[in-house]
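Got the viewer open? Switch to cartoon view, keep the selection box handy, and let's walk through this one stop by stop.

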Amino acid sequence: MKTLFMPEIIADQRMDTIIELFYAFKYEKTLVIDFSRTRFVSPAGYAILACLYDRVVEQKTKIKIRKIKRVIKKIPIVEKIIHHAQVDTLSQTETLDYESDTLIFTCNSQALNPLFPEKLVNKFNNILNDDVRFDIQLIMNELMQNTVDHSSAERYYMYGGLWNNELHCGVLDMGVTIPAKLEQKYVAQNDIEYLERALAKGISTRRVREGGFGLYYFYSFLKKNNAKLTIISRNAQMRLYFKTRKSQKSLLKYPLNGTWCFARFDLENQKINEIFL
């Protein structure tokens with residue numbers, strides 16, 4: 001029986017253990033998930049936990065939850081994971097939708113929710129100027145379209161929320177990965193190169209209609225706003241910090257059977273109280 005420890009902050013950083021946990025569902029009949037180190041869950045962390053719940057349900061893996069703090073235990077998606085572990089019953093993923101003062105999250109089956117980007121910017125309208133509102137809507141729309149184009153997933157997870165004076169948003173799926181889709185038409189040395197190609201103008205997985213602009217425009221709008229971008233898909237991850245012009249690109253120790261795209265916008269000159277969910 002394998003035991004995996006969740007990190008102090010479940011977020012879009014330092015996800016080695018989380019990705020290992022998803023990979024472990026392939027070969028472990030029972031998993032112990034230890035939350036003793038976990039103190040906070042970020043907006044991205046909520047979406048990651050929703051994907052975890054999805055994987056628990058899909059794989060029918062028996063899980064045991066260990067040493068979880070009361071504040072973490074009360075988070076709705078964590079409650080569902082615990083409930084599944086205790087009574088071994090399934091819930092429709094559509095019931096995962098959640099909203100609080102600092103977070104908006106939705107799960108959609110088969111098709112994406114075209115109203116989500118507008119709902120997201122309207123929720124945080126008081127702290128976003130018109131240009132940023134417009135760009136965030138475009139970014140979310142491009143991410144949603146890209147997910148539909150490449151993943152063929154049955155469910156998609158979208159989120160937006162405030163965290164440490166930043167607006168975080170993203171789209172996650174557990175479907176066909178970007179490298180798996182691109183290798184049908186292109187040849188690359190590894191999955192890092194496939195992710196780099198996915199952000200290049202003119203690279204497309206579509207065979208009939210014109211394409212190849214979604215992630216390129218997504219990249220361009222993030223760059224315009226000095227945002228941060230993280231993409232994880234199959235065997236690689238890419239982290240781009242447009243404000244400092246730095247990047248981190250690496251192969252994963254364990255593959256992720258899906259694509260997770262995370263974006264962060266710095267809310268400069270805004271006084272936002274940090275609220276941990």
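Which residues have the most contacts inside the largest nonpolar core? Select Leu-49, Leu-52, Ile-77, Leu-172, Trp-260 and Phe-262: those are the ones, in a core of 46 residues. Keep in mind throughout that you are looking at a predicted model.

**Stop 1: the main core**

Now colour the elements that feed this core. H1, strand E3 (30-34), H2, helix H4 (76-87), E7, E8 and E11 each supply at least two of its residues. H2 gives the most, with 11 residues. For a close-up, centre on Leu-49 and show its surroundings. Setting aside residues up to four places away in sequence, Leu-49 touches Met-6, Ile-10, Val-41, Ile-77, Val-78 and Ile-81. There is also a second, separate core, with 44 residues; select Phe-116, Ile-192, Ile-231 and Cys-261 to see some of its members.

**Stop 2: the antiparallel sheet**

Next, show the strands as ribbons. Six of them make an open sheet in the order E6-E7-E8-E9-E11-E10, with antiparallel pairing. Strand E6 (98-99) and strand E10 (228-241) sit at the edges with a single partner strand each, so one side of each has no neighbour in the sheet. Helix H1 (residues 16-24) packs on this sheet, touching E10 and E11, and its direction makes about 140° with that of E11.

Add helix H2 (residues 43-59) to the view. H2 lies across E6, strand E7 (103-109), strand E8 (155-163), E9 and E11, and runs at about 155° to E8.

Then zoom in on strand E9 (residues 166-173) and strand E11 (residues 246-266), an antiparallel pair joined by 8 bridges. For a landmark along this pair, pick His-168 and look straight across: Arg-264 in E11 stands opposite.

**Stop 3: strand E3 and its parallel partners**

Select residues 30-34, which make up E3. How many of the residues of E3 are buried? The count is 5 of 5. Both faces are covered: Thr-30, Val-32 and Asp-34 are buried on one side, Leu-31 and Ile-33 on the other.

E3 pairs in the parallel sense with strand E1 (residues 2-5) over 4 bridges, and with strand E5 (residues 62-66), again in the parallel sense, over 5 bridges. Ile-33 is a handy residue to click here: Ile-33 is the bridge partner of Leu-4, and in E5 the bridge partner of Ile-33 is Ile-65.

**Stop 4: helix H1 and Ile-19**

Back to H1, this time with side chains on. Its buried residues are Ile-18, Ile-19, Glu-20, Leu-21, Phe-22 and Ala-24. Together, the buried residues of H1 pack against E1, strand E2 (9-10), E3, H2, E10 and E11.

Pick out Ile-19, which lies in this helix. Is Ile-19 buried or exposed? Its relative accessibility is 3%, so Ile-19 counts as buried. Leaving aside neighbours within four places in sequence, Ile-19 is in contact with Ile-232, Leu-252, Tyr-254, Pro-255 and Leu-256. Draw a distance from the C-alpha of Ile-19 to that of Leu-256: they are 6.2 Å apart in space, with their positions 237 residues apart in sequence.

**Stop 5: the cavities**

Turn on a cavity display if you have one. There are 3 cavities of 30 Å³ or more, and the largest holds about 80 Å³ of space. To find the largest cavity, select its lining: Asp-12, Gln-13, Lys-228, Leu-229, Thr-230, Arg-239, Leu-240, Tyr-241, Phe-262, Ala-263 and Arg-264. E10 and E11 each supply at least two of these lining residues, and E10 gives the most, with 6. Two names should look familiar: Phe-262 came up in the main core, and Arg-264 stands opposite His-168.

**Stop 6: two arginines with positive phi**

Most residues other than glycine have a negative phi. Finish with two exceptions. Arg-14, in the loop between E2 and H1, has a positive phi of about 50°. Arg-234, in strand E10, has a positive phi of about 55°. Show the surface and compare them: Arg-14 is exposed, with a relative accessible area of 77%, whereas Arg-234 is buried, at 18%.

Terms used:
Residues numbered from 1 in each chain as written. Predicted model: local features only at pLDDT ≥ 70, side-chain atom pairs only at ≥ 80, totals over all residues. Heavy atoms only, no water. Pairing = 2+ DSSP bridges. Contact = heavy atoms within 4.5 Å. Axes fitted to C-alpha atoms, helices over the stretch in contact; angles between N-to-C directions. Core = buried A, V, L, I, M, F, W, Y, C linked by side-chain atoms within 4.5 Å. Buried < 20%, exposed > 50% of the residue type's maximum accessible area, 1.4 Å probe, protein only. 1 Å grid on protein atoms, 1.4 Å probe; cavity = no way out; pocket = protein on both sides within 12 Å on 5 of 7 lines; lining within 4 Å. Points joined across faces, edges and corners; volume = space filled by probe spheres on them.
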